[in-house]
Every structure is written in structure tokens, then in C-alpha cells.
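Trainee: Could we go through this one together before I write up my notes? I'd like to begin with the cysteines.

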Amino acid sequence: MMIVNDQNQRLRRLVILALVCAVLQLILAPVLVIGAGHPNFCLVFAIVASFPGGGVAPLWAAFLAGLFFDLTATSPVGLMALLLVLASFALNPQDRDRLVEEPARCLRDSAFAVLAVELIYQLMLLVIFPGPSIADVLFLRWLPSSLWDWMCLVPFVVVLSRPTTDVLTLGGGKKNLTGKRYKL
């Protein structure tokens, strides 16, 4: 069996995911509303990009996603970028692809990350732009936004957790019913 390592496959996947999330953030996020909460597809992208792990690429992806969010929203520039980098760093400090290995654990960890990022973001907005009460921030913005984010994250995790075919077998191998190759 020969293993082919495609260095650019991960980068292509990340760029396509970034473009999809950017389009969804610009077109769909302003339309989807529960209370005063909207989905944050930049947060979804940063979380999904952090699970394959390894190097600084997930951190840069999270920073750029946060910067994109800050520039397209009415929020202080850099706030979401900082929060997404911290979340990305906390989600996968190892150099392994958790998305393929443990998708259920990724969903659980991402739920905690979504709750934390949205809570800190909403509280910081309350400090910077005083006006609404803490109850409005918690029940009309934080909880609905967190629910939206997690609901939008689930399809990405389900689709991206399927293993890709990076193994090239040169003769002698057949597929079994699960799709894995075995030698004769």
C-alpha cells in the first residue's frame, strides 16, 4: 500500500470552506433572526477549520474570519478576530485531525466554544455600547445567536467528518463493504 500525501488538499478545502462561509455570512446571516440573534458563519468557519489541527494555519484562518466579521458588522474591529483565534487555539492544540477521528466530541466541544465566544462577544458589546439590559443581551442575543451558530455548525461537521480518500493502492487491493481497502 502506498500513501500519497497531498499537501494542497487541506488548503483547497480550507479556501472552499472560507468562501462558502463568507457568502453565507453576507447573504444568509442578516436574514436569519431569532430574537435579536443572528448566525455567525465566521465562527462556524473558525471552529471547523481548527479541528484538523496542525501548525498556525487554523489560527490564521480564525483571525481572518474574525476580521472579515468585524469589517462586515457594526462591531469594534479586532474583537471577533481575537475571540476566534482564542477559540481555535483552545479547540485543537494537537496535531491531528479530530474532525475525522471523533466527530461527536467535536460537536460537543464546539457547543462550548460557541457559547463562550458568543457570551464574551455580547458582554463586550454591552460594555462598549451601553444601552440594552443584561437580560436583553443574554436572552435575546446570546442564547439565540449561540443556537443559530451551533445549528449551522452541525451540517459542516457532518459533511466534513467523512474521511477523504488519501490512500492510493497500486494493485492487489479490493474494497470491502465499508469502503476500506484490504489486501488479498
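**Cysteines, core and helices**

Mentor: Let us start with C21, whose sulfur has its closest cysteine sulfur in C42, at 7.5 Å, which is too far for a bond. Please keep in mind throughout that this is a predicted model.

Trainee: How many disulfides does that leave in the count?

Mentor: The count comes to zero disulfides, and for C21 the reason is the distance, because a disulfide needs the two sulfur atoms within 2.5 Å and the closest cysteine sulfur, in C42, is 7.5 Å away.

Trainee: Is C21 buried or exposed, and what about C106?

Mentor: C21 counts as buried, with a relative accessibility of 2%, and C106 is buried as well, at 0%.

Trainee: Switching to the core, how many residues are in the largest nonpolar one, and which have the most contacts inside it?

Mentor: The largest nonpolar core has 37 residues, and those with the most contacts inside it are I47, V48 and L84. At least two of its residues come from each of α1, α2 (41-50), α3 (57-72), α4 (79-91), α6 (103-128) and α7.

Trainee: Which helix gives the largest share?

Mentor: That is α2, which supplies nine residues of this core.

Trainee: And what is V48 in contact with?

Mentor: Once its neighbours within four places in sequence are set aside, V48 is in contact with L17, L99, L153, F156, V157 and L160.

Trainee: New topic: where is S145, and is it buried or exposed?

Mentor: S145 lies in helix α7, which covers residues 134-160, and with a relative accessibility of 4% S145 counts as buried. Not counting residues up to four places away in sequence, S145 touches G37, H38, E118 and Q122.

Trainee: What about V23, where does that one sit?

Mentor: V23 is in helix α1, residues 7-27, and V23 is partly exposed, because its relative accessible area of 46% falls between the 20% and 50% limits. The C-alpha atoms of V23 and F41 are separated by 9.0 Å, the two residues being 18 apart along the chain.

Trainee: Last thing, what is the average pLDDT of the chain, and where does pLDDT stay under 50?

Mentor: The chain averages a pLDDT of 82, and 82% of the residues score at least 70. The stretch where pLDDT stays under 50 is residues 166-176, for which the model has 22 contacts beyond four places in sequence, and I would word any note on those contacts with that pLDDT in view.

Key:
Residues numbered from 1 in each chain as written. Predicted model: local features only at pLDDT ≥ 70, side-chain atom pairs only at ≥ 80, totals over all residues. Heavy atoms only, no water. pLDDT = per-residue confidence, 0-100. Contact = heavy atoms within 4.5 Å. Helix = DSSP H or I, 4+ residues; strand = E, 2+ residues; numbered from the N terminus. Buried < 20%, exposed > 50% of the residue type's maximum accessible area, 1.4 Å probe, protein only. Core = buried A, V, L, I, M, F, W, Y, C linked by side-chain atoms within 4.5 Å.
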